[in-house]
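Hello,

Here is the structure I promised to pass on to you. Have a look at it first, and then read on for what turned up in it.

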Amino acid sequence: MNLFNRIVVATDFSEVSDAAVDYAVELAKTYGATVTLVHVYALPVYGFPSGALITTPEMATRLMAGAQEGATAACARVASSGVDIKPIVREGLAWEEVHKIADEVDADLVVIGTHGRKGIAHALLGSVAEKIVRTATRPILTIHRAPHTS
């Protein structure tokens, strides 16, 4: 019995996410698993006292194309590993979509990077990784990579 056959790894294209992708790929090599790389983006909506500014179709198309390009590049970066890795890009709430995709591919493991923000940064920015962990129905592996301080 293989412990991991299908691994989902979430990315926001940061250094921490790159570390999570690398870890997922190494696990996949060890277990002969496939990897689904997931990137979720949100369409910005700006609220004003007199109403809201919603993303135009042109802006939405550009955001989607940029997200697709980033996901393709992230997969290409690890292509020489020999691991079968495929990108999926979605619009929506990151934590929700990561769970949906994990369900769709019947993932055995979800790997996510965590920035490890604390205090006011955590309160203001929230934590997608924390929300994924708190709402998980599948095993989650968090990878923490402290930012460089030099």
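**Overall layout**

Read from the N terminus, the elements of the chain follow the order β-α-β-β-β-α-β-α-β-α-α-β. That gives five helices and seven strands. Please keep in mind that this is a predicted model. The mean pLDDT of the chain is 88, and 88% of the residues score at least 70. Confidence is highest in strand E1 (residues 6-10), with a mean of 98, and lowest in helix H4 (residues 119-125), with a mean of 50. As a general caution, predicted coordinates should not be read in detail where pLDDT is low.

A few totals for the chain may help you get your bearings. It has 150 residues, and 34% of them count as buried. The accessible surface is about 8,900 Å², with 57% of that belonging to carbon and sulfur atoms. If you take the contacts between residues at least 6 apart in sequence, 74% of them join residues at least 24 apart.

**Helix H1 and its surroundings**

A good place to start is helix H1, which covers residues 15-31. Its 17 residues reach 24 Å from the first C-alpha to the last, close to the 24 Å expected at 1.5 Å a residue. On the buried side of the count you will find Val16, Ser17, Ala19, Ala20, Val21, Ala24, Val25, Leu27 and Ala28. What do these buried residues of H1 pack against? Their partners are E1, strand E2 (34-41), helix H2 (57-77), strand E5 (85-91), E6 and strand E7 (140-144).

Ser17 is one residue of H1 to click on. Its relative accessibility is 5%, so Ser17 counts as buried. Leaving aside residues up to four places away in sequence, Ser17 touches Ala10, Thr11 and Asp12.

Both ends of this helix have something to show. In the loop between E1 and H1 sits Phe13, whose phi is positive, near 70°, although Phe13 is a residue other than glycine. With a relative accessibility of 32%, Phe13 is partly exposed. After H1 comes Gly32, which also has a positive phi, near 70°.

**An aromatic pair and a charge over a ring**

How many aromatic pairs does the chain have? The count comes to one. Phe4 and Tyr31 form this pair, which is edge-to-face, with 5.0 Å from centre to centre and 85° between the planes. The pair links distant parts of the chain, as Phe4 lies in the segment before E1 and Tyr31 in helix H1, 27 residues apart. Phe4 is buried, since its relative accessible area is 13%, while Tyr31 has 27% and is partly exposed.

Elsewhere, Lys131 places its charged end over the ring of Trp95, 4.6 Å from the ring centre.

**Helix H3 and the loop after it**

Now please turn to helix H3 (94-104). Its buried residues are Glu97, Val98, His99, Ile101 and Ala102. They pack against E1, E2, E5, E6 and helix H5 (128-134).

The loop between H3 and strand E6 (109-114) is worth a look too. Asp106 is found in this loop, just after H3. Its phi is positive, about 55°, even though Asp106 is not a glycine. For background, most residues other than glycine have a negative phi. Is Asp106 buried, partly exposed or exposed? The relative accessible area of Asp106 is 42%, so the residue is partly exposed.

Ala107 sits in that loop as well. Ala107 is buried, because its relative accessibility is 4% and the cut-off for buried is under 20%. Not counting residues up to four places away in sequence, Ala107 touches Arg6, Val8, Ala102 and Arg138. One of these contacts spans a stretch of the chain: Ala107 and Arg138 are 31 residues apart in sequence, with 7.7 Å between their C-alpha atoms.

If you would like a short route through the model, begin with H1 and its buried residues, go on to the pair of Phe4 and Tyr31, and end at Ala107 in the loop between H3 and E6.

Enjoy exploring, and best wishes.

Definitions and conventions
Residues numbered from 1 in each chain as written. Predicted model: local features only at pLDDT ≥ 70, side-chain atom pairs only at ≥ 80, totals over all residues. Heavy atoms only, no water. pLDDT = per-residue confidence, 0-100. Helix = DSSP H or I, 4+ residues; strand = E, 2+ residues; numbered from the N terminus. Buried < 20%, exposed > 50% of the residue type's maximum accessible area, 1.4 Å probe, protein only. Contact = heavy atoms within 4.5 Å. Expected span 1.5 Å × (residues − 1). Phe/Tyr/Trp six-rings, centres within 6.5 Å; stacked < 30°, edge-to-face > 60°. Lys NZ or Arg CZ within 6 Å of the ring centre and 35° of its normal. Areas by Shrake-Rupley, 256 points an atom, 1.4 Å probe, with all protein chains shown as cover.
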